[in-house]
Amino acid sequence: MVQVFGEPGPLTRDPRSSDQKDKTGCIYECFNNLKCLVSYFNESEAKCVWYDVDSIWFINRTTASDGHHSAIKIPLSNRSCKLTTDEMLNDQYYTAHNRILGTYTRSIFRIRTTPKYYKLNFYLDEVPEIIRNIPGCEMNYVGTRASLRDDPNAVVVCVRSQKVPNITFNEAKDLCTEMDGKLIPARTPETFIGSCNEVATEVGMTWASIPLRWINPYIKQGFTLCDETVADGFLCGTTRQQDRGIPPVETIFQEYGYTDVKWTGSIADYQGK
């Protein structure tokens with residue numbers, strides 16, 4: 001567990017309550033709970049909560065005097081265990097395999113420090129598999145193509161539907177940028193069209209179909225449009241991981257000594273064994 005001064009930031013959802021009344025107990029509860037990724041303790045309220053994978057993207061950086069204590073569960077390799085705390089949070093990649101429930105077996109995560117946030121991203125194997133043939137899209141992103149069999153050079157855009165009540169267009173655009181993407185204005189609940197100047201053209205996309213079913217309970221309508229100032233959510237589009245310089249999942253697995261790790265059925269089947 002790596003401790004930082006910070007509190008849950010934008011897009012955080014579904015906090016899990018805890019009976020712990022001090023910072024140390026809050027951290028140890030997360031450490032012993034395979035479902036926990038981040039713990040948070042508020043000194044002024046003596047309140048502990050924790051978050052699982054995909055429930056927290058950003059941790060707002062604070063100071064010691066603010067009384068906000070967060071801790072991130074980071075499985076270490078022989079290389080990363082020699083890093084300083086600051087180095088461990090400075091654009092590093094880790095694997096959650098066998099350590100954190102809620103992730104796909106073939107996945108890694110990244111931690112970055114910015115002046116405002118500690119940022120968390122989860123990446124899936126960029127190699128297409130039958131179990132998940134959306135190549136190079138982050139966890140809980142939907143690809144605009146389900147397969148590259150017909151045209152391996154076709155542009156693939158990875159899209160995430162994010163529910164955020166009463167968000168403004170500029171706020172949505174800024175958050176999507178922090179998520180390494182571009183804001184995609186919606187046209188209907190099922191489709192979106194690239195317009196709004198450079199927003200979608202920079203990710204090389206003109207249009208794409210959006211499935212009606214989502215992995216998580218994201219909204220299906222009410223997205224921020226070009227001519228709206230407030231909406232209930234937004235679509236964020238990115239290029240594929242391999243097009244953004246994200247290292248291959250297998251490279252990080254090898255660092256941890258994992259070899260020949262195959263996909264399980266789904267995150268529901270993953271028992272952390």
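Is cysteine 158 buried or exposed, and what is its relative accessible area? Select cysteine 158 in this predicted model, and you will find a buried residue with a relative accessible area of 0%.

**The disulfide of cysteine 158**

Keep cysteine 158 on screen and add cysteine 137, since these two residues form a disulfide in which the sulfur atoms lie 2.1 Å apart. The link joins distant parts of the chain, with cysteine 137 in the loop between β9 and β10 and cysteine 158 in strand β11 (residues 158-168), 21 residues apart. If you display the torsion about the S-S bond, the value is -85 degrees and the link of cysteine 137 and cysteine 158 is left-handed. Cysteine 137 is buried as well, at a relative accessible area of 0%.

**Glutamate 126**

Stay with the loop between β9 (117-124) and β10 (142-143) and select glutamate 126, which also lies there. Glutamate 126 is buried but has no salt bridge, and the nearest side chain of opposite charge, that of arginine 106, is 6.4 Å away. A salt bridge is counted only within 4 Å, so the separation of 6.4 Å from arginine 106 does not qualify. Turn next to valine 249, whose backbone nitrogen is reached by the side chain of glutamate 126 at 3.3 Å. Showing the surroundings of glutamate 126, apart from its neighbours within four places in sequence, brings up contacts with Pro135, Gly136, Gln241, Gln242, Pro248 and Val249.

**Cysteine 176 and cysteine 236**

Select cysteine 176 and cysteine 236 next, a disulfide whose sulfur atoms are 2.0 Å apart. This pair connects distant parts of the chain, from cysteine 176 in helix α3 (residues 169-178) to cysteine 236 in strand β15 (residues 230-238), 60 residues apart. The torsion about the S-S bond is 90 degrees, and the link of cysteine 176 and cysteine 236 is right-handed. Cysteine 176 counts as buried at 0% relative accessibility, and cysteine 236 is buried with a relative accessible area of 0%.

**Cysteine 26 and cysteine 48**

Moving towards the start of the numbering, select cysteine 26 and cysteine 48, which form a disulfide with sulfur atoms 2.1 Å apart. Here cysteine 26 sits in helix α1 (residues 23-32) and cysteine 48 in strand β4 (residues 47-51), so that distant parts of the chain, 22 residues apart, are linked. Because the torsion about the S-S bond is about 80 degrees, the disulfide of cysteine 26 and cysteine 48 is right-handed. Cysteine 26 counts as buried at 1% relative accessibility, and cysteine 48 at 2%.

**A last selection**

Finish at cysteine 81, which is partly exposed with a relative accessible area of 44%.

Key:
Residues numbered from 1 in each chain as written. Predicted model: local features only at pLDDT ≥ 70, side-chain atom pairs only at ≥ 80, totals over all residues. Heavy atoms only, no water. Helix = DSSP H or I, 4+ residues; strand = E, 2+ residues; numbered from the N terminus. Buried < 20%, exposed > 50% of the residue type's maximum accessible area, 1.4 Å probe, protein only. Lys, Arg positive; Asp, Glu negative; His and termini not counted. Polar contact = N/O pair within 3.5 Å; in protein donor to acceptor, adjacent residues only side chain to side chain. Contact = heavy atoms within 4.5 Å. Disulfide = S-S within 2.5 Å.
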